[in-house]
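Here are my notes on this model, written for someone opening it for the first time. Keep the structure in view and go through the points in order.

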Amino acid sequence: MRARCPSATRAAAQIPTAVCAAWAQLAPDEFPGLAVDDDAWLRCTIGLAQFFEACRLQREQGPCALPSKAADSVWHVWLRTDPAGLDAWQQRHFGQAVQHREAEALGAPLDGCLARTWAGACRSEGGSPVARRLPLLFALDGLMCVPTGWAYGHEGGAIVHRPIDGAGRASGDAVPHAALGVSSLAALGLLSAAEVAAMRRPDDGGSGGWAGTSSSDGGAASCDGGSPGCSCGGSGCGGGS
C-alpha cells in the first residue's frame, strides 16, 4: 500500500501522533463501526493524503470531491482538534490548504468534482485515469468495510459503487458513474492527447468513438441515495468557493 502513492505515504507519516490519538478516541463516535487500529490509521491517513495530492494535481482544473468516509474520518477529527496544524501540514506537503466543504458549496457539478479526484488519484499512483485499477482512495471504504461508506468497483465496463450497510457489507443496487468513463474524462480535459488517441476504437475510422463508458447521463455522483462525494470536497484545488 505504501508503494502505491509514495508522496501520500510520506505526507501521512508526518501527521502528529496527537492526531492519531484523538482520531482513535473520537472517530468511532461519528463513524460507528470504523476500525481504529494501527492498520486502519495507516490506510485512512494515506487515503486522505492521496485526496489532497489529487487536489494539488487538479488545481488548475477545478474542485475535487472526497469519495471515502474512512479518509474523511481523519479530516473531521483533525479539523476539530487542531485546524491550524492541519493547514500547516497541507501547505508543507501539498502547497495549499484545501477547505472542507459540503457538496453544495463546491461551486461545481459534483460528478465533475468526483472525476477530477479520480484522475488525480490515478496519476498520484503513476497510472492513467483510463486504467481499470481502482486508486487506493476509491478502494478504501470497501477494503475497510466502513459502515455507510461506498464500495467502488468495475461492473459491465463501468465504474460503479454500492452503498455499504451498517454491518460493513456492500449492498443494494450498483450506482454507475458515467463521469468516470473515458468520454466524460476527455470532455473534462482530464486526459492527455496520448490517452485520448490510445482509447479510440481501432475500427472507428477516426470518427471519435470510444472504448469504455461514454454516456454522461444517469451515472453521475449526486447527493441522492447516499452517493459518494456528498459529505465533503476540496475547494482549494481550483475553482471552488
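1. A residue is called buried when its relative accessible area is under 20%, exposed when that area is over 50%, and partly exposed in between. By that rule, both W89 and F94 are buried. Please keep in mind that this is a predicted model, so everything below describes a prediction.

2. Now the overall picture. The protein has nine helices and six strands. Of its 241 residues, 50% are buried. Among contacts with a separation of 6 or more, 68% come from residues 24 or more positions apart. The protein exposes about 10000 Å², and carbon and sulfur atoms supply 51% of that area.

3. Back to the aromatic residues. How many aromatic pairs does the structure hold? There are ten. One of them is F52 with F94: the ring centres are 5.9 Å apart and the planes meet at 55°, so this pair is tilted. Tilted is the word for planes that are neither under 30 degrees apart (stacked) nor over 60 (edge-to-face). The pair links distant parts of the chain, since F52 is in helix α3 (residues 38-57) and F94 is in helix α5 (residues 83-94), 42 residues apart.

4. Are F52 and F94 buried or exposed? F52 is buried, at 0% relative accessibility, and F94 is buried too, at 3%. F94 also pairs with W89, and here the arrangement is edge-to-face, with 5.4 Å from centre to centre and 75° between the planes. If you select F51, F52, W75, W78, W89 and F94 together, you'll see one aromatic cluster.

5. While you're in helix α5, have a look at Q90, which is found there. Q90 counts as buried, with a relative accessibility of 1%. Which residues does Q90 touch, leaving aside those up to four places away in sequence? They are F52, G95, Q96, A97 and V98. F52 therefore turns up twice in these notes: as a contact of Q90 and as a ring partner of F94.

6. Closer to the start of the chain, T9 has its place in helix α1 (residues 6-12). T9 is buried, at 14% relative accessibility. Its C-alpha atom is separated by 10.0 Å from that of L48, and the two residues are 39 apart along the chain.

7. Helix α6 (residues 110-124) deserves its own point. It has 15 residues, and the distance from its first C-alpha to its last is 21 Å, close to the 21 Å expected at 1.5 Å a residue. Of those 15 residues, 13 are buried, so α6 is largely enclosed by the rest of the structure. C122 is buried, with a relative accessible area of 5%. After α6 comes G126, whose phi is positive, near 80°.

8. Next, the loop between α7 (136-144) and β3, where C145 is found. Most residues other than glycine have a negative phi. C145 goes the other way, with a positive phi near 55°. T148 is found in the loop between α7 and β3 as well, and T148 has a positive phi of about 70° although it is not a glycine. Both are partly exposed: C145 at 40% relative accessibility and T148 at 45%.

9. A quick word on cysteines, as C122 and C145 have both come up. How many disulfides does the structure hold? Zero. C122 is buried, whereas C145 is partly exposed.

10. Last, the sheet that follows the loop. Three strands form an open sheet in the order β3-β4-β5, and the pairing is antiparallel. Why do β3 and β5 have one side without a neighbour in the sheet? β3 (150-155) and β5 (175-176) stand at the edges, each with a single partner strand, so one side of each is left without a neighbour there. β3 pairs with β4 (residues 158-163) over six bridges in the antiparallel sense. To find your place in that pairing, look for E155, which stands opposite A158 in β4. Strands of a sheet pair through backbone hydrogen bonds.

Notes:
Residues numbered from 1 in each chain as written. Predicted model: local features only at pLDDT ≥ 70, side-chain atom pairs only at ≥ 80, totals over all residues. Heavy atoms only, no water. Pairing = 2+ DSSP bridges. Helix = DSSP H or I, 4+ residues; strand = E, 2+ residues; numbered from the N terminus. Disulfide = S-S within 2.5 Å. Buried < 20%, exposed > 50% of the residue type's maximum accessible area, 1.4 Å probe, protein only. Phe/Tyr/Trp six-rings, centres within 6.5 Å; stacked < 30°, edge-to-face > 60°. Expected span 1.5 Å × (residues − 1). Contact = heavy atoms within 4.5 Å. Areas by Shrake-Rupley, 256 points an atom, 1.4 Å probe, with all protein chains shown as cover.
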